[in-house]
Amino acid sequence: MLNLFSFLIFIPLQILLLPLGLVGVVLVAYKQMVVSNRLGSSQTAIEVLNGRWTMHVFDIRLDDAGEKLARALPNTSTAGLWLVLFPLWLKYKISGRYFAYPKLPKEAEETVVDLIIARTIYIDRIIDRLVGDAEQFVVLGAGYDTRAYGALKSRGVSFFEVDQIETQSLKIKWLGKANIAAGHVKFVSVNFTEDTLFDELKSSGYDAAKKTVFLWEGVTLYLSEYDVRKMFREIGMCAIPGSSIVADIYADRFVQLGKSKAGKKTLEFTDEGLNFGLPFDTGYESVLNSFIASENLNVGETHFMGRANKKGPFAVVSEFTV
């Protein structure tokens, strides 16, 4: 009954607020692309934060720090997001059910629209299992990730966030403006194609003798295969056995979407572009295992997103152990 009532409210409200919703779309896009470009920051990092903000306000995944940071940052607009999502949010609050977006996808049936939500849920699941046995947590290409400022903060690990200096400097500034305590996090500025990761980490207090969880989320697809292999190889050689990498790797066909005329133009606006993927169309488990084994790592818990599709999964979230 409540679900029917929620539709009776949602449909006319959605029609009535459609012009404001379009304003919201333009506002969010402008902030994400134009303002990020002006600041020299990643627009895709903002896209992830917007997804996390949405998960928070729809009670899918509580993230107080992410919600505060999104409100503070100059290159996104939570007001714009509300203009777009308010009718869906009200429907959810009335009925307790998700409709259209956001939603909790069924494993194996995920679509590209579900990417940020599904990826976040699977990575959280793996991290929650691993972090109790680790002493250090390193976020590679951290962007605006806020895991270090939430529930993980009480798990007794040392936190390191690694990223390019432009995005990291902006994040540090606006963490302060959002009143998010960050004194427990060591920030390490690295150019992934030029610097040696572990030299930079060690200079910031990283202890190579301690078991570590490395989170590498939403990064591999922007790098060359050489740089992806270099990172896996360096962690495998320098981290203590028993350490783990939690990462996502994408299918070739997904990467090609970003190389289409429209996708390429959008990403190049902030000097980003998709590059690396694996051929997941057939034998995707063997493809992943062979690639990881070639860098002397082992595959652990794995979630192939969209694997029910006849074209195969479009991405995988996995644990790789040293």
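**Exercise 1. Backbone oddities in the loops**

Take N179, which sits in the loop between α7 (165–177) and β3 (185–189), and work out what its phi looks like and whether the residue is buried or exposed.

*Solution.* A word of warning before the steps: this is a predicted model.

Step 1. Start with the backbone angle. N179 has a phi near 60 degrees, which is positive even though the residue is not a glycine.

Step 2. Put that in context. Most residues other than glycine have a negative phi, and most peptide bonds are trans.

Step 3. Check the surface. The relative accessibility of N179 is 67%, and the cut-off for exposed is over 50%, so N179 counts as exposed.

Now do the same for N296: where does it lie, and what is its phi?

Step 4. N296 belongs to the loop between α12 (284–293) and β6 (298–305). Its phi is positive too, at about 60 degrees, and N296 is not a glycine.

Step 5. With a relative accessible area of 68%, N296 is exposed.

**Exercise 2. A peptide bond to look at**

Find out what geometry the peptide bond from Y101 to P102 has, and where P102 lies.

*Solution.* Step 1. Read off omega: for Y101 to P102 it is near -10 degrees, and the bond is cis.

Step 2. Place the proline. P102 is in the loop between α5 and α6.

**Exercise 3. Two helices against α5**

Describe how α1 packs on α5, then repeat the job for α3 and α5.

*Solution.* Two packed helices are described by the angle between their axes and the distance between the axes.

Step 1. For helix α1 (residues 2–16) and helix α5 (residues 78–95), the angle is about 165 degrees and the axes are 8 Å apart. The cut-off for roughly antiparallel is over 145 degrees, so α1 is roughly antiparallel to α5. The crossing of α1 and α5 is right-handed.

Step 2. List who meets whom. On the α1 side you'll find L2, N3, F5, S6, F7, I9, F10, L13 and Q14, and on the α5 side F86, P87, L88, L90, K91, I94 and S95. Sorted by type, the residues of this α1 and α5 contact are 11 nonpolar, four polar and one charged.

Step 3. Switch to α3 and α5. Here the angle is about 40 degrees, with the axes 11 Å apart. That makes α3 oblique to α5. The α3 and α5 crossing is right-handed.

Step 4. From α3, the residues N50, W53, T54 and V57 meet T78, L81, W82, L85 and W89 of α5. The breakdown for α3 with α5 is six nonpolar, three polar and no charged.

**Exercise 4. Zoom in on W53**

Say which helix holds W53, whether W53 is buried or exposed, and which residues it contacts beyond its neighbours within four places in sequence.

*Solution.* Step 1. W53 is part of helix α3 (residues 43–57).

Step 2. Its relative accessible area is 1%, so W53 is buried.

Step 3. Skip the neighbours within four places in sequence, and the contacts of W53 are E67, A70, T78, L81, W82 and L85.

**Exercise 5. Around the cores**

Work out which residues touch the most other members of the largest nonpolar core, and which helix gives the most to it.

*Solution.* Step 1. The largest nonpolar core has 56 residues, and those touching the most other members are L69, L73, I127, F137, Y144, V246 and M305.

Step 2. Helix α6 (residues 115–130) is the top contributor to this core, giving eight residues.

Step 3. There is also a second, separate core of 33 residues, with V138, F198, F280 and F320 among them.

Step 4. Follow M305. Leaving out neighbours within four places in sequence, M305 contacts E110, L115, A118, R119, Y122, P313, F314, A315 and V317.

Step 5. Finish with L152, found in the loop between β1 (136–140) and β2 (158–163). With a relative accessible area of 11%, L152 is buried. Again leaving out neighbours within four places, L152 contacts I127, V131, F137, R147 and F159.

Methods: Residues numbered from 1 in each chain as written. Predicted model: local features only at pLDDT ≥ 70, side-chain atom pairs only at ≥ 80, totals over all residues. Heavy atoms only, no water. Core = buried A, V, L, I, M, F, W, Y, C linked by side-chain atoms within 4.5 Å. Buried < 20%, exposed > 50% of the residue type's maximum accessible area, 1.4 Å probe, protein only. Contact = heavy atoms within 4.5 Å. Axes fitted to C-alpha atoms, helices over the stretch in contact; angles between N-to-C directions. Parallel < 35°, antiparallel > 145°, perpendicular 65-115°, else oblique. Left-handed = near helix turned anticlockwise from the far one by under 90°. Nonpolar A, V, L, I, M, F, W, Y, C, P; charged D, E, K, R; others polar.
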